[in-house]
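Biologist: Please take a close look at the sheet in this model and the helix that packs on it. One connected account will do.

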Amino acid sequence: MNRIYWDLDRISILTDSMDASSHSHAMMQFFLCAEDKLNIKIGKNKVDAECVLVNKNVSHSFKADKKICLTVIIEPVSDFGMALDELLKGRDYLIIDRSGLGTLKEKVLLMKDESDKVVYPELKDAMYGCFDLVPANKVLDERIAEFLDMLDHCDCEDHSIDEYAGKLCLSSSRFSHLFSEQVGIPIKKYLS
């Protein structure tokens with residue numbers, strides 16, 4: 001299983017099959033194993049932890065080993081990334097062992113079975129809580145806000161992306177892209 005969720009400042013992946021050989025990149029990366037300890041190596045060190053934040057440009061490898069894991073690639077210049085950078089204090093990585101970790105693990109385990117449109121936003125909130133951070137209030141594009149309002153007041157079960165895109169004066173592809181960018185879940189998945 002590999003489920004990918006896109007946001008403006010991060011890419012979240014729910015996985016039980018990832019096997020990433022040693023690499024580094026210009027993004028921070030968060031790892032959480034919801035079922036056991038992580039199989040992760042940072043630099044030359046095997047790290048014994050359930051949850052780790054890896055700094056940008058630090059070599060690391062990771063294996064899910066058929067355990068439910070969450071990994072999040074985070075843009076370091078985003079508000080969230082800068083807040084995490086302050087926690088890292090220049091270190092290569094930080095082992096996360098906080099009170100909010102239990103809630104975060106529960107949300108990760110729920111995501112393998114429950115509707116993403118409900119659990120993923122809760123997971124993002126739990127992630128902020130794990131770091132004692134308050135999420136920045138995200139202002140949705142007015143067309144996406146209007147679409148969500150239309151859905152709240154709709155009593156039909158068949159939702160056409162083309163129809164809603166037309167009502168919002170957007171092409172279907174632009175509407176789909178904008179929705180995924182703003183909400184973090186592909187629109188087809190949200191409507192299913």
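Modeller: The sheet comes before the helix in what follows. The model is predicted, so local features are given at pLDDT of at least 70 and side-chain atom pairs at pLDDT 80 or more, while totals for chains, interfaces and linings use all residues. Residues are numbered from 1 along each chain as its sequence is written, and side-chain values use heavy atoms, leaving out hydrogens and water.

The open sheet has six strands in the order S1-S2-S9-S4-S7-S10, and their pairing is antiparallel. Strands here are DSSP runs of E with at least two residues, and helices are runs of H or I with at least four, each numbered from the N terminus; two strands pair if DSSP finds at least two bridges between them. At the edges lie S1 (2–6) and S10 (93–95), each of which pairs on one side only. From one strand to the next the twist averages 15 degrees, with axes fitted as lines to C-alpha atoms (for helices over the stretch in contact) and angles running from 0 to 180 degrees between N-to-C directions.

The edge strand S1 joins S2 (residues 10–15) through five bridges in the antiparallel sense. Within this part of the sheet, Arg3 is placed opposite Leu14 of S2. Helix H2 (residues 101–111) packs on the sheet and touches S1, S2, S4 (28–33), S7 (51–54) and S9 (69–74), where contact means heavy atoms within 4.5 Å. The direction of H2 makes about 80 degrees with that of S4.
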